[in-house]
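Colleague: Got a minute to walk me through this one? I'd like to start with the terms and then go residue by residue.

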Amino acid sequence: MFDGLRTVRGVLRSLRICYGDRRRRVAMAGLYRHFVRPGDLVFDIGAHVGDRVAAFRRLGARVVAVEPQPALVKTLRLLYGRDPQVAIEAIALGRRAGTIALKLNLDNPTISTVSADFVAAAAGAPGWREQSWTKCLPVPLSTLDALIAHHGLPVFIKIDVEGFEAEALAGLTQGVAALSFEFTTIQRDVAQACLARCAALGYVRYNAALGESQKLAHDDWQSVGAIGRWLDALPMEANSGDVYACR
């Protein structure tokens, strides 16, 4: 019962942060307008409490929201379960189908992870010391290719899966117009693996946004090498952000 109360408290805190800032909502719409038009299909991988789902819907897109964490799946269904333009998939994504252990952070359920390497990298790292993953449960694992086979080809994929981004991209073999993946300075190797996969998939233009700024860091789009050097040069305290890749 106490664990359940901790999770509810964490979800409510995330809802307040993610939905309570109008300027953030406006900035998010401005950012995603670069990639999404009315009627487009978008995949939100690691949908968390659905603030990106809300942004994509405001832009008129259809959304497939992927989230394995049970408390967040319940939240998504409460918020979007009656919207026929939103499909909710209670799964994780990787390079192959199966089952995987989800490590739950009960105090902050929006950063639960299936990556043991992410948990190890976060241990004692600045900005992550207060996080702990105290519970595990098995969740179904699928691939981006399987998701496309079921729902159709999206124009944009957003991936934010706490250190498992490269594994999720390994399950994609098809050309999507644009995508984003989260990076962290505690796992730059994961970001570089994502860049290598994006290059292999034919993405040639790259940009990034630091933290939750919702603002592209570069006026001009970069090559894969340039954005990789930019990532490597970031100070540790930059913490995290998202890389955007276009074909």
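Modeller: Sure, terms first: a salt bridge is a side-chain nitrogen of Lys or Arg within 4 Å of a carboxyl oxygen of Asp or Glu. For charge, Lys and Arg count as positive and Asp and Glu as negative, while His and the chain ends are not counted. Buried means under 20% relative accessible area, exposed over 50%, and partly exposed in between (1.4 Å probe, protein chains only).

Colleague: And what sort of model is it?

Modeller: This is a predicted model, where local features need pLDDT of at least 70 and side-chain atom pairs count only at pLDDT 80 or more, but totals for chains, interfaces and linings use all residues. Residues are numbered from 1 along each chain as its sequence is written, and side-chain values use heavy atoms, with hydrogens and water left out.

Colleague: OK, Glu162. Is it buried or exposed?

Modeller: Glu162 is buried, yet has no salt bridge. The nearest side chain of opposite charge is Lys158, 8.1 Å away.

Colleague: Where is Glu162 found?

Modeller: In the loop between strand 7 (156-159) and helix 7 (165-170). Helices (H or I, at least four residues) and strands (E, at least two) are DSSP runs, numbered from the N terminus. Leaving aside neighbours within four places in sequence, Glu162 has contacts (heavy atoms within 4.5 Å) that include His48, Thr110, Trp128 and Glu182.

Colleague: Switching to Tyr80. Why does Tyr80 count as buried?

Modeller: Because its relative accessibility is 10%. Tyr80 is in helix 4 (residues 70-80).

Colleague: What does the side chain of Tyr80 pair with?

Modeller: The Tyr19 side chain, through a polar contact of 2.8 Å. A polar contact is a pair of N or O atoms within 3.5 Å; within protein, one must be able to donate a hydrogen and the other to accept it, and residues adjacent in sequence count only if both atoms are side-chain atoms. A polar atom of the Tyr80 side chain also lies 2.9 Å from the backbone oxygen of Gly50.

Colleague: How far apart are Tyr80 and Gly50?

Modeller: 30 residues in sequence, and 8.4 Å in space, C-alpha to C-alpha.

Colleague: Now helix 2. Which residues are buried there?

Modeller: Arg24, Met28, Ala29, Leu31 and Tyr32, in a helix covering residues 22-32. They sit on the same side of helix 2, because they cover an arc of only 160° around the axis, going by the directions from the helix axis to the C-beta atoms. On the other side, Arg22 and Arg23 are exposed.

Colleague: And the whole chain?

Modeller: Nine helices and ten strands, with 55% of the 247 residues buried.
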